[in-house]
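Visitor: I'd like a close look at a single part of this protein, the second largest pocket and what surrounds it. Could you take me through it residue by residue and then link it to the rest of the fold?

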Amino acid sequence: MVSGGQTHAKASAAVAAPGTFGARILDLADRLAKWSDSQDNLTCTYLTSAHRAVAGQLREWMREAGMTAEIDTVGNVVGRFAALDPGAKILIIGSHYDTVRNAGKYDGRLGILAALVVVEHLNAIGRRLPFNFEVIAFSEEEGVRFGTAYLGSSAVAGRFDRQVLERRDASGLSVAELIRSTGGNPDAIPALARQAQKLLGYLEVHIEQGPVLLQEKLPVGIVTAVAGSVRYLISIIGVSGHAGTVPMTARNDAAAAAAEIVLFAERRCRQAQGLVGTVGQLTVPNGAINVIPGRCELSLDIRADDVTKRDAAIADLFAEIEQIKKRRGVAIEVAEVQRTPTVACSPRMQGLLADAIVRAGIRPHYLPSGAGHDAVMFDGITDIGMLFVRCGNGGISHSPLESLTADDADVAARILLDVIMNFQE
Ligand code: HGY
Ligand code: MN
Ligand code: MN
């Protein structure tokens, strides 16, 4: 391990003038944001041409930083800053480069770029680490195109669910077909799994996506736990009809039934602190202005800081759906597409982050994450830790209003460097 536990961080970080890490992170994020699935906003979904261009750029930057770097069969960009001892264990620092639709530039990408600038710095000062340092840009965390999140990190963590390969996007293309179309091989996915005993830990730097660090007037915080979520896709089948001739009392309107579900979910999730419910997608397939919706499809994402609270809300929701079916004479199919547990960050990793934050002269602040993160895939496989970074505009995220200052990005990168330079097994 690091000789004598001395902190090289101060010496080595001094080489990089204050602010350089932050400015570089924001510049690289701007450059990545130029690739998008949309002309109008930043959208970078799984294995689109924009997504693959971003992967190629990340691989190039990783190589220029002194890492070996490859794009694996599911699109993860895996950079490796090798130890002097090739048989040394591995510390993984990762986050995702896919985005939601109409996204901000920093969700996921901050974590990749913070790790990248740290490796650039280590390489510049000729420092090698006593462990192999893997920087992984995960290919699919948001689950926008196929509905299920963590595709990239689940493969690396050895938790990939083969059923995901059958999921189809709006065009009817399956995950397996898409992976093959990019030269990947779904049968090679199990081989991506890292051996748990070879891992020293998993760390992720991520924007907070909330207002707490703003309110605390702190640039960074230590994540205590990451909220799990249950995601459903709901199909409502009613009877389509002429908007002008079918009396209101004779309708089985699928969209009106969906509206009842949306409002019930909102009402029920307002009943408890730490419980949230979101309908993020709501469509009337092939709808028309003068046709009563015969079909309506919606997504539902339920989360809580406590699994009992979450499951009670889900039970109430299912009971209400039964009532809506009877009241409105519609069929309602509910498919669970993902269920992830609430995951605690390891006390060891929290301690390493806290020590580095104190050394930086900052008050350590601990907070849970309401957002999901790739880190949850590594729970139970290795120690996980997350560093949150303050974001502006009230903490808004999953929006082009997402913002991050160069100063805060710089602080985060320096803390990450300090943790790495002082990392003890
Ligand atoms: O949905 C989430 O919490 C994360 O942004 N993927
Ligand atoms: Mn996100
Ligand atoms: Mn994210």
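Guide: In this predicted model, two elements, α5 and β13 (331–339), each give at least two residues to the lining of the second largest pocket. Strand β13 makes the largest contribution to that lining, with 4 residues. The lining has 21 residues in total, and the ones that lie nearest the pocket's centre are Arg159, Asp161, Val164, Val337 and Gln338. The space inside comes to about 410 Å³. Sorted by character, the lining residues are 10 nonpolar, 5 polar and 6 charged.

Now for the domains. The chain is assigned a domain 1 (2–227 + 342–421) and a domain 2 (229–340). Each of these domains provides at least three residues to the lining of the second largest pocket. The domain centres, taken over C-alpha atoms, are 34 Å apart. Where the domains are in contact, 14 residues belong to domain 1 and 9 to domain 2.

Gln338 is a good residue to pause on, as one of those nearest the centre of the pocket. Gln338 sits in strand β13. Is Gln338 buried or exposed? With a relative accessibility of 14%, Gln338 counts as buried, because the cut-off for that class is under 20%. Setting aside neighbours within four places in sequence, the contacts of Gln338 are Thr148, Ala149, Tyr150, Ser229, Val230 and Arg231. A little further along from Arg231 is Tyr232: its C-alpha atom is 7.2 Å from that of Gln338, although the two positions lie 106 residues apart along the chain.

One of those contacts, Tyr150, deserves its own stop. Tyr150 belongs to the loop between β4 (132–138) and α5 (151–156). Its phi is near 65°, a positive value in a residue that is not glycine. Tyr150 has 5% relative accessibility and therefore counts as buried. A useful comparison is Asn102, another non-glycine residue with a positive phi, here about 55°. Asn102 is placed in the loop between β3 (90–96) and α4 (109–124). Asn102 counts as partly exposed because its relative accessibility is 35%.

From α4 we can move on to the interior. The largest nonpolar core holds 90 residues, and Leu58 and Phe133 have the most contacts inside it. Helix α4 gives the most to this core, with 10 residues. Leaving out residues up to four places away in sequence, Leu58 touches Leu32, Val77, Tyr97, Ile112, Leu113 and Ala137. There is also a second, separate core of 24 residues, with Cys269, Leu275, Ala304 and Leu317 among them. As background, nonpolar side chains tend to be buried together in soluble globular proteins.

Phe133 leads us to the end of the chain. Ile420, in helix α11 (residues 406–421), is in contact with Leu91, Ile93, Val118, Leu129, Phe131 and Phe133, leaving aside neighbours within four places in sequence. Ile420 counts as buried because its relative accessibility is 0%. Between the C-alpha atoms of Ile420 and Leu129 there are 8.4 Å, and along the chain these two residues are 291 residues apart.

Strand β2 (residues 77–81) is the next stop, and Val78 is found there. A relative accessibility of 15% is why Val78 counts as buried. Apart from neighbours within four places in sequence, Val78 is in contact with Met62, Thr68, Ala69, Glu70, Asp72, Glu134, Val135, Ile136 and Arg194. Val78 and Leu353, 275 residues apart in sequence, have C-alpha atoms 23 Å apart in space.

Let me finish with a residue of helix α8 (residues 254–269), namely Glu266. Glu266 has a relative accessible area of 38% and is therefore partly exposed. Its C-alpha atom is 8.9 Å from that of Val279, a residue 13 places away in sequence.

To come back to where we began, the second largest pocket takes at least three lining residues from each of the two domains, and β13 supplies the largest share of its lining. Gln338 of β13 is in contact with Tyr150, the buried loop residue with a positive phi.

How values were computed. Residues numbered from 1 in each chain as written. Chains lettered and ligands numbered in written order. Predicted model: local features only at pLDDT ≥ 70, side-chain atom pairs only at ≥ 80, totals over all residues. Heavy atoms only, no water. Buried < 20%, exposed > 50% of the residue type's maximum accessible area, 1.4 Å probe, protein only. Core = buried A, V, L, I, M, F, W, Y, C linked by side-chain atoms within 4.5 Å. Contact = heavy atoms within 4.5 Å. 1 Å grid on protein atoms, 1.4 Å probe; cavity = no way out; pocket = protein on both sides within 12 Å on 5 of 7 lines; lining within 4 Å. Points joined across faces, edges and corners; volume = space filled by probe spheres on them. Nonpolar A, V, L, I, M, F, W, Y, C, P; charged D, E, K, R; others polar. Domains from an automatic or database assignment.
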